[in-house]
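Hi,

Here is the structure I promised to pass on. Have a look at it first, and then read my notes below with the view open next to you.

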Amino acid sequence: MKAEGILPTVGSKFDELTGLYNREAFLREATTLLGARYDVGYCIVCMDISCFKIINDLFHMDTGNLILQSAAEYFKETLNPRTTLCCRASADHFIICIPSEELRIEQIIKDLDKRIQDLHISHNIPFFAGIYIVDKRDLPVDQMCDRAGMALNRIKGSYLTRYAYYDEEMRDKLIQELLMTNNLEIALRERQFTIFLQPIFDPRKNVIVSAEALVRWFHPVHGMVSPGKFIPVCEKNGFIVRLDRFVWEEACRFQRKRLDEGKQIVPISVNLSRLNFYSLDLPEFLSMLLAKYELEPWMLKLEVTESAYTDNQVQLLDMISTFKGLGFSVLMDDFGSGYSSLNMLKDMPLETIKVDMAFIRELEKSERVALILKFVVQLAEALGMGVVVEGVETEKQCKYVASLGEVAIQGYYFSRPLPMPDYEKFLDKHNLQPR
Ligand code: C2E
Ligand code: MG
Ligand code: MG
């Protein structure tokens, strides 16, 4: 039998870059294969790279091509051509039709990681896979591929899960997300995004010490969409990198405006989603912002979420040290929410920790939580770091937190996140009051 499955010859059935089947040919061949091998259980596997677009932006297109060719070579060398089909369906999208018994997905991902690492590109380039176990043989193959694609989209960009299986429930959620994804570009262009500023307060000195910039989306039809809904979507599709940069620039623009008006400013801290750490030009971008708006580094602080630490510790440490070298303060957001709080404290040159809101919520229910909070403050003090406690909503909570030492609070008790003009009034009124 001719080993035609994944070892194609040149011709219009094939993708020029990789020599694998193209999508159309794959759909035809897979229909035939699944029809002929009715006795064998099959899977459709969709694989692609998280944020390939960003890689193409950051590097030359040749680098992107090299990655795709290396992956294709791997598939040609390892998949069994008698039973298995493989194609490059588009950009960085590969589809495989493989007997369930032969699918070693973890091995494939591990091998691909190794191949890509061997190319020595200074960037993490992870492959993700979505798998549809062909349970409905009469389904058109392109719909099978869509299903595998849905499973893939659910986990793409997550760092703990590299593959997922399709299940029916996914469909609704994904259709919802897709609608949102299509709207993000337009939203940015039409300035539907804006920032709110939430004051952070020193309860002992009774002053606003800084503020956090929090993005808001005002959709012309749906009204305000909460960050809890769209940030995870943006993190999944890579849009967060652009959105974060927009937020940082808005914060800088705001600081410059205040300075031009001769008004007082306090630092604004901005969130850095973990995907940013894959952009090697991040420090240059931040320096460019400072230069463009003629700001000093203390005027902008950087919040890095604790969970970023689990992804790539070396890269994160490098980046944080670079920020420090540029004069920025780095804050650890959501401290205590994940598994790496203490490790991160141990390794990273952080200025401040922001204690996760979950602690304050539990404060009155559990004495142990009150004790943990107390020792977290002491620990931070001993390490020469500042502490912000998030989510303070009541006077009682505020009093307890203030009793612990040099702690700043962020929470509705003091102020909700405010539109920029309201924040300005608040800041002017509060910080100029005689104390
Ligand atoms: P975060 O960075 O930990 O921000 C604090 C969140 O706590 C904000 O929610 C804020 O409105 C909320 N909060 C503050 N005080 C209280 C309080 O007393 N009670 C309660 N219940 N909540 C309080 P928000 O604005 O909905 O943002 C949620 C998360 O979305 C943020 O958590 C952050 O992780 C993410 N986010 C927001 N803006 C951005 C952004 O520009 N870029 C990125 N990458 N993430 C963002
Ligand atoms: Mg934050
Ligand atoms: Mg936080």
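**Around ligand 1**

Ligand 1 has 24 residues around it, and R216, D244, D333, E393 and Y412 come nearest. Before you go on, keep in mind that this is a predicted model.

Three side chains are good places to start. In R216, an N or O atom of the side chain is 2.8 Å from an oxygen atom of ligand 1. N271 has a polar side-chain atom 3.0 Å from an oxygen atom of ligand 1. With E393 the partner is a nitrogen atom: an N or O atom of the E393 side chain is 2.5 Å from a nitrogen of ligand 1. How much of ligand 1 does the protein bury? On its own, ligand 1 exposes 790 Å², and the protein buries 83% of that.

Now for the parts of the chain that build this shell. At least two residues each come from β7 (207-219), α7 (227-237), α8 (240-260), β11 (330-335) and α13 (357-362). The biggest contributor is β7, which gives four residues. If you sort the shell residues by type, you get ten nonpolar, five polar and nine charged.

**The two magnesium ions**

Next, please zoom in on ligand 2, a magnesium ion. Which residues of the protein act as its donors? They are E212 (OE), N271 (OD1), E303 (OE) and D333 (OD), and they lie 2.0 to 2.2 Å from the ion. Along the chain, these donors follow the spacing E-x58-N-x31-E-x29-D. E212 is in strand β7 and E303 is in strand β10 (residues 300-305), so this pair ties together parts that are 91 residues apart in sequence. Both E212 and E303 are buried.

You have now met N271 twice: it has a polar side-chain atom 3.0 Å from an oxygen of ligand 1, and it is a donor to the magnesium ion (ligand 2).

Ligand 3 is a magnesium ion as well, coordinated at 2.1 to 2.4 Å by D333 (OD), E390 (OE) and E390 (OE). E390 is listed twice there, so to speak, with OE both times. Here is something to look for on screen: which residue coordinates both ions? That is D333, and the two magnesium ions, ligand 2 and ligand 3, are 3.7 Å apart. D333 sits in strand β11 and E390 in strand β13 (residues 386-390), and this pair links distant parts of the chain, 57 residues apart. D333 and E390 are both buried. D333 also turned up earlier, among the residues that come nearest to ligand 1.

**Two acidic side chains to click on**

Go back to E212 for a moment. Why does E212 count as buried? Its relative accessible area is 3%, and buried means under 20%. Besides being a donor to the magnesium ion (ligand 2), E212 makes a polar contact through its side chain with the side chain of Q410, at 2.8 Å.

D92 is the other one. You will find D92 in the loop between β2 (85-90) and β3 (93-99). D92 has a relative accessible area of 8%, so it is buried too. A polar atom of the D92 side chain lies 3.0 Å from the backbone nitrogen of I49.

**Cysteines**

How many disulfides are there? The count comes to zero. Take C87: the nearest cysteine sulfur is that of C86, and it is 6.5 Å away. A disulfide would need the two sulfur atoms within 2.5 Å, so C87 is in no disulfide. C87 is buried, at 0% relative accessibility. C234 is buried as well, with a relative accessible area of 0%.

**Two odd backbone angles**

Last stop: two residues that have a positive phi without being glycines. H120 has a phi of about 55° and is in the loop between α4 (105-117) and β4 (127-133). Is H120 buried or exposed? Its relative accessibility is 71%, so H120 counts as exposed.

E294 has a positive phi of about 50°, and it is not a glycine either. Look for E294 in the loop between α9 (282-293) and β10. With a relative accessible area of 62%, E294 is exposed.

Happy browsing!

Key: Residues are numbered from 1 along each chain as its sequence is written. Chains are lettered from A and ligands numbered from 1 in the order in which they are written. This is a predicted model: local features need pLDDT of at least 70, side-chain atom pairs count only at pLDDT 80 or more; totals for chains, interfaces and linings use all residues. Side-chain values use heavy atoms; hydrogens and water are left out. A residue is near a molecule or strand if one of its heavy atoms lies within 4 Å of it. A polar contact is a pair of N or O atoms within 3.5 Å; within protein, one must be able to donate a hydrogen and the other to accept it, and residues adjacent in sequence count only if both atoms are side-chain atoms. Accessible areas come from the Shrake-Rupley method with a 1.4 Å probe; for residues, only the protein chains shown count as cover. Ala, Val, Leu, Ile, Met, Phe, Trp, Tyr, Cys and Pro count as nonpolar, Asp, Glu, Lys and Arg as charged, and the others, Gly among them, as polar. Buried means under 20% relative accessible area, exposed over 50%, partly exposed in between (1.4 Å probe, protein chains only). Donors are N, O and S atoms within 2.8 Å of the metal (3.2 Å for Na, K and Ca); water is not among the atoms, so sites may look incomplete.
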